[in-house]
Amino acid sequence: MDSVPLSWYLILSAVLFALGVAGFLFRRNLITIFMSIELMLNAVNLSFIAFAYKLNQVDGQIFAFFVMVVAAAEAAVGLAIILTVFKSRPSLAVDEVNTLKY
Amino acid sequence: MNPVNWILALPAAGFLAVLLWPGRAETARALALAVSLVVFVLSLGLIPGVWGAGASWSHVTDLPWIESPAIRYHVAVDGLSLWLVLLTTLLTPICVLISWRYIDRRVKEFYALLLLLETGLVGVFVALDLFLFYVFWEVSLVPMYFLIGVWGHERRIYAAVKFFLFTMAGSVLMLGGIIYLYNRSGTFDYSILLEQINSGALMLTPLEQRLLFLAFFISFAIKVPLFPLHTWLPDAHVEAPSAGSVMLASVMLKMGTYGLVRYSLPLFPNAARQSADWIVTLAIIGIIYGALVSMVQPNMKKLVAYSSVSHLGFVVLGIFTFTQLGLDGAVYQMLNHGVSTGALFILVGYLYERRHSLETAAYGGIATPAPWLATVFLITSLASVGLPMLNNFVGEFLVLQGAAQVNFRWTVLAATGVVLSACYMLWLYQKAFLGATPEPVREHVYDLRPREWAGILPLIVLMVWMGTLTRTFFPPISAASAQILEQTKVNAEFLVSRPAAPPLVAGVMPDAR
Amino acid sequence: MDAVLFLVFAAIAVACGISVVVQRHPITSAISLIGVMGALAVLYLLLGAEFLAAVQVVVYAGAIMVLFIFVIMLLNAGVEPPGGRSWPVRLLGLPMLVILVGLLSFVIRRVFAGGEEVRFGAFTKGGPREIGRLLFTDYLLPFEVTSVLILVAILGAVVLARKEID
Amino acid sequence: MQHLWLIPALPLAGFLVNGIFGRRVSKGVINLVAIGSVALSFVWVLKTLAALGPLETPHVERYFTWIESGILSVPVEFAVDRLTAVMLLVVTGVGLLIHIYSIGYMGHEGGYHRFFAFMNLFMFFMLTLVLANNYLLMFVGWEGVGLSSYLLIGFYFLRKSATTAANKAFIVNRIGDFGFSLAMFLMVVRLGGLDFPRVFSAAQAMPRETDPGLLTLIALLLFVGATGKSAQIPLYVWLPDAMEGPTPVSALIHAATMVTAGVYMIARSAPLYQQAPIAMDVVAVVGLATAFVAATIGLTQFDIKKVFAYSTVSQLGYMMLAVGVGAYAGGIFHLVTHAFFKALLFLGAGSVIHALAGEQDLRKMGGLRRKIPVTFATLVCAGVAIAGIPPFSGFFSKDEILLAAHHHAPWLYWVGVLTAAMTAFYVFRAIFLAFFGDYQGEHHPHESPPSMLGPLVVLAAFSLAGGFLPVSRFLEPLFPAGEAHHDPALVVVSVIAGLLGLGLAWYLYVARRGLADRIAARLGALYQVVYNKYFVDELYNAAIVQPVVKGSEALLWRRMDAGVIDGAVNGIASRARAIGAVLRLMQSGNIRSYAAWVLMGSVVALIALGFSGGAR
């Protein structure tokens, strides 16, 4: 049991991704949905790093790094948007956010 | 460096600058005015080059943009696009000026979008890569959508969506056509495409040509707009703010006619010649129909909008005569329409600023409180009805002359539009400007202010200039249109092996084609 | 040893992931998400991505998630209100999800059937030195662009979240 | 180089100066600019003609190319030949007199600078029309005089009747111009250009058309233009309404100069018409019919300006008859004498109106001959001239026309003589009604100022003696020679007809006042029809204007545009909507629904990829 097949990592990644999708689909809270997106991003990162290992190149990791950066930026803007949405509507339920102009 | 690039880049930079520059509306206005004026001055620098270049391209920049598919940033100017570019760069500062008081909310965004619109419009006229052309085509669509949708009148959303959907419906077809061409030829580049067609490297079957022509044509015809695809135009004009109407009528509609001349004719010459009959029929119907409907409009902007349908019918008629006269006249008429109809919309906008109504019935006797406004409106109306020594006359005369070379019946029918145009413009003038002045008009309507003079005077000067000293403008236009005509002929000869196009009209003059 | 570590942390990750999705209260979800990220950091380490593992913990689990929790607290977001789901979600959601996981697993099993084995320590290029060198040579431009991106994001966040002045 | 361009450019400069600065300067300055520019122009005409001598060949000056494209090249080119010389003298001379007259007449009116600016603009376009050496440049003047006429008819723009009349004039003229422009298009295509020499030589190279052909068509289309401008049947309806303008305008534009442009144009195109005898017959018949019909209407009108307006239409018909029967020189001769006596009639009428503070109804005048004797005397001069009493000017020119008509076809002559009798009758009817009998109005009449009387006297002199001007002989070489024919008997007949008309007017309106009304009552319906101008305006309105306007509104705009086209577009849209019901449901605006669709899409994409072997 010294080593693990690479496919396990990838399958884990797929499962986590699916969980993220599920969260996105089935939750109504904007913040939770947002977190689900983060979960999906993490899952993808895992894939990247696994492939980096397989190809024996660091580039995949660099990519994961950039994904993190983008995720950080996205979190900042996204949360700010959630704040403004909350300001104009008393609720965070995503179903009610269906017109851009309120 | 190539001024064309500056003319494209500066308004785009201005768009960002106006949007991001902190400060109040005044700053945005001043900045927009400064940028657009600089662009206009720069664009004047294009003239000598184009004059010198004759029928060939000048001010060329050809850089790779995307490697695969091979899309290039290929821009250049010739006699066909030169004046349209200048018209755009001239009208943008004028639009900034006329919106000075007209636009009072979201000022920064308004001017930013106006500058973006300028980039898009100029881009359409200078792009020589079909894909780039398409990009600019769409770029120009977006700001106009917002100009109508945000700063328009009551039914602005409806009008903006109608405008957007009509144009999009057309441009999707064109995109399909462009991609199909790319698949067949491996290039988006206009001049390479022409070469391929001339050399026979690109052989389109008649069916292909017809379908591609149709795809491009519908897109352009919607933009022109050609009867019966015109119904978006009155709505868009009525709801648009003044500057939006000006840009829409003066420049955007020319995108359609420009496209017809630049792309439809040289790329698909056989299909174009085969379709000429029914296109001319539509154009003539449009001329008469637009004039007749104009006659009964109670709304000034609608009236001018329908008159545009009529005037642009002349342009399309000129293009599809396939004669030097007709094509020259059509190109000139594009400019004329831009100047005179632009001025009409500006003046209607001035009236709206005073009385806040577009209904003719809300006015009357304006000549008493505002004699100069009345004078300027009269000059513009006369230009629009094609009085000699004013600009429209030259264009209409050449178009009709070109039509007469091919089929005299076309001329007879189309010339009735000239008669009718006098009816609707003079009736409008009588109802709005002459007669006794009702109290509300006396109270609200004042004469032209200096800023308003600055907006309208250049156009008035141009009307007289373009009507009398036509040689200032014609040589490059003639060179370009001769080139395009030649192109359609070269193709026709080359495609002899195909079933020849039936003669368009019996009794064609021998020197006509 | 590797396998044990993988299985343990994979299990933690999946469990926390499920928790993120099913918890009613956002704060619990957030904490579960931190759990996922921590577990993933270990897995990164197993794959030889030392630097990223550290970044994952510091930036992701640390900074970003703090931001989330901060906002949750700020908005005083409570248990989400029960509400109808949209019909496409009800109709398509679960089956499609199952198919997606199945398909992905199937493809992964097919493609990586040969079974490349992951051995801890076999990949040695994931240190800060290598990553740093690449970032500042081959990936210099994207790297700089990301800095601009972050700047823009900061501006955007400030603009969006500030109180309306006018 | 004689700098011909100065002739029209001077009034243009006057127009610009007065138009732009007129509001801010005093009347003296306006007068100086307006009249000075026309006077200078007149002087320049004299100087040029003196310098050019007998003008055996035309003097041509070319300035720049106006339009050049393909097969068409139109220069701005002025030319002076004998015909142009005559026209130049008439236009600038009569124009100058009327400008001077206007100082007095318009002295109390608002918009003083506007009036003179428009008058100068008119002079500019009229001179351009006359000087042009190609049809397109002539067309510039042609449309331009129409514009000035529009502006001046609508001078009292507060009155709806005035602005409506102005619109009517412009639009009716436009219909005529439609024909003119079509003729030009045909010329370019078939005759190779628009320059007069070129067109004429091309036309002469073609055989004389005894059956209708190209040249006939061109000539007829040109004649359509002439019917608009020169108020011939069927487009004469605008001219009587044009009397809404100030009286000097009626004198200058709607009597002496602009309306004769059609006659000038046909005379100018003589080489073309000469090749198209059918067109010439049409011109002659239409001209004669116009002369006759307008004269009958003139018999019954009570507005002094309307009487003279119909008289103008009638006299223009005479000129058309002249050019139609080939007596071009005679037509132009009549144009010249008509310019004198008709301008005089209008200016005299203006003087009467001025004296009565705006009254135009003949029934409210009467007995004015003692109150405004100078006006009376000059009007009588004009009357005897137009009535064709020898040896006054109208006699010579009218006689020439009638003789030529008789040579062409005798019935033309007899109708012409009848018309001449009517002419004498209605002109003197107006004079007698206004100046004899007892005064019927309330205002205190006063004689006009010298600035008005001066031009009256000058014009009176020309009306009396103008017949001795050798216009016909001067012009003869220009035109295809017509045989000389002189029949003293015919001359006597026409003179007797004129005297009979005069005498009848005397009998009915001076000797036996009241008899005329009884006759009118006896004639009943016929009188009503004539009095109402044969209901032509009403007919046009009901048959053309209303159907077009109503049809455009109801059928084209409401039904076609809003109904059919938008309906079709909406129909396509709704069908697309029906087809795309599922797609529409997707666009719910609900983010999670979108996510579900994305998910499905990615699954489908994956499966597709699998099938296509992308994932091996």
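These legends go with a few close-up views of a predicted model.

**View 1. C:Val55 in its helix.** Here we zoom in on C:Val55, which sits in helix α3 of chain C, a stretch that runs over residues 50–75. Is C:Val55 buried or exposed? It counts as buried, because 22 C-beta neighbours lie inside 10 Å of it and the cut-off for that label is 20 or more. C:Ala41 is also worth finding: it is 14 residues away from C:Val55 in sequence, while the C-alpha atoms of the two are 8.5 Å apart in space.

**View 2. C:Val55 meets chain A.** Set aside the residues within four places of C:Val55 in sequence, and what does C:Val55 touch? Its contacts are then A:Phe65 and A:Met68.

**View 3. The contact between chains C and A.** Now for the wider picture: chain C puts 71 residues into this contact, and chain A puts in 62 residues. On the chain C side, the elements giving two or more residues include α1 (2–22), α2 (26–46), α3 and α4 (87–111). Also on that list are β1 (117–118), α5 (128–136) and α6 (140–161) of chain C. The largest share of this side comes from α1(C), with 11 residues. Sorted by class, the side of chain C that touches chain A has 53 nonpolar residues, along with 10 polar and 8 charged ones.

**View 4. Two strands side by side.** Strand β1 of chain A (residues 4–5) pairs with β1(C), and the two run in the antiparallel sense over 2 bridges. Which residue of β1(C) is the bridge partner of A:Pro5? Look for C:Glu117.

Terms used: Residues are numbered from 1 along each chain as its sequence is written. Chains are lettered from A and ligands numbered from 1 in the order in which they are written. This is a predicted model: local features need pLDDT of at least 70, side-chain atom pairs count only at pLDDT 80 or more; totals for chains, interfaces and linings use all residues. Helices (H or I, at least four residues) and strands (E, at least two) are DSSP runs, numbered from the N terminus. A residue is buried if 20 or more other C-beta atoms lie within 10 Å of its own, exposed if 12 or fewer, and partly exposed in between; C-beta atoms are placed from the backbone. Two residues are in contact if their C-beta atoms, placed from the backbone, lie within 7 Å. Ala, Val, Leu, Ile, Met, Phe, Trp, Tyr, Cys and Pro count as nonpolar, Asp, Glu, Lys and Arg as charged, and the others, Gly among them, as polar. Two strands pair if DSSP finds at least two bridges between them.
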